[in-house]
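Got a model open and wondering how the labels on it are earned? Let's go through some of them, one "why" at a time.

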Amino acid sequence: QVQLVESGGGLVQAGGSLRLSCAASGRTFRNYAMAWFRQAPGKEREFVAAISWGGVTTNYAESVKGRFTISRDNAKNTVYLQMNSLKPEDTAVYYCAADRFPFRTPRTPQIPDFDSWGQGTQVTVSS
């Protein structure tokens, strides 16, 4: 497994932006796809965005397409989530996750595909 630490959450007004970061340690970061999930109060954890191990392929939940961008810096062992045009419905705890197996390209990421999770960072969007 890998250790993941998220940062960058906070309170922002609707229409604003935040950038989340997730620092990884403990295994060869560059070999593993990474993803962001989120969980709102009273709801199940849901997929937000994923990026392949090489950073070439990304995919997004429909609800965030065109507003969020996932990226990675393998030299810094860090994955990012740039969130623009935030909406109140984006309010949730955001978790980064590392793929269970190396060298995969996430097509339809599911929670069981990931074996390492961060502690989460709160994002609150006020209306």
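What follows is a run of questions and answers on this predicted model.

Q: What makes the protein chain as compact as a globular protein of its length?
A: Start with the make-up: 0 helices and 11 strands, so the strand label rests on DSSP E runs of at least two residues. The radius of gyration is 13 Å, and the globule rule gives 14 Å for 127 residues; the two are close, so the chain counts as compact as a globular protein of that length. For a feel of the outline, the C-alpha trace spans about 40 × 25 × 25 Å along its principal axes.

Q: How much of the chain counts as buried, and how do long-range contacts figure in it?
A: Of the 127 residues, 46% count as buried. Among contacts with a separation of 6 or more, 60% are between residues 24 or more positions apart. The accessible surface comes to about 6300 Å², with 48% of that belonging to carbon and sulfur atoms.

Q: What makes Ile70 a buried residue?
A: Ile70 has a relative accessible area of 4%, and buried means under 20%, so Ile70 is buried. Ile70 is found in strand β7. Its contacts beyond four places in sequence include Met34, Trp36, Ala49, Ile51, Tyr60, Val79 and Leu81. Leu4, 66 residues away along the chain, has its C-alpha 16 Å from that of Ile70.

Q: Why is Tyr95 called buried?
A: Its relative accessibility is 13%; the cut-off is under 20%, so Tyr95 counts as buried. You'll find Tyr95 in strand β9. Leaving out neighbours within four places, Tyr95 is in contact with residues including Glu6, Trp36, Phe37, Arg45 and Trp117. The C-alpha atoms of Tyr95 and Arg45 are 9.1 Å apart, with the two positions 50 residues apart along the chain.

Q: Which residues touch the most other members of the largest nonpolar core?
A: That core has 34 residues, and Trp36, Leu81, Met83 and Tyr94 touch the most other members. The elements giving two or more residues to the core are β3, β4, β5, β7, β8, β9 and β11. As background, nonpolar side chains tend to be buried together in soluble globular proteins.

Q: How do you know whether Asn31 is buried or exposed?
A: Check the number: Asn31 has a relative accessible area of 19%. Buried means under 20%, so Asn31 is buried. Asn31 sits in the loop between β3 and β4. Beyond its neighbours within four places, Asn31 is in contact with Trp53, Pro102 and Phe103.

Q: Why is Asn74 called partly exposed?
A: Asn74 comes out at 27% relative accessibility. Buried needs under 20% and exposed needs over 50%, so Asn74 counts as partly exposed. Asn74 is in the loop between β7 and β8, where it touches Phe29, Arg30 and Trp53, not counting residues up to four places away. The C-alpha atoms of Asn74 and Gly54 are separated by 8.6 Å, at 20 residues apart along the chain.

Q: What makes Gly66 exposed?
A: Exposed means over 50%, and Gly66 has a relative accessible area of 84%, so Gly66 is exposed. Gly66 lies in the loop between β6 and β7. Its C-alpha is 9.6 Å from that of Met83, 17 residues away along the chain.

Q: What is there to flag about phi at Phe103 and Ser85?
A: Most residues other than glycine have a negative phi. Phi of Phe103 is near 60°, a positive value in a residue other than glycine. Phi of Ser85 is near 50°, also positive and also in a residue other than glycine. Phe103 lies in the loop between β9 and β10, while Ser85 is found in the loop between β8 and β9.

Q: Why are Phe103 and Ser85 put down as partly exposed?
A: Phe103 has a relative accessible area of 48%, and exposed needs over 50%, so Phe103 is partly exposed. Ser85 has 41%, so Ser85 is partly exposed too.

Notes. Residues numbered from 1 in each chain as written. Predicted model: local features only at pLDDT ≥ 70, side-chain atom pairs only at ≥ 80, totals over all residues. Heavy atoms only, no water. Helix = DSSP H or I, 4+ residues; strand = E, 2+ residues; numbered from the N terminus. Rg over C-alpha atoms; globule rule 2.2 N^0.38 Å. Buried < 20%, exposed > 50% of the residue type's maximum accessible area, 1.4 Å probe, protein only. Contact = heavy atoms within 4.5 Å. Areas by Shrake-Rupley, 256 points an atom, 1.4 Å probe, with all protein chains shown as cover. Core = buried A, V, L, I, M, F, W, Y, C linked by side-chain atoms within 4.5 Å.
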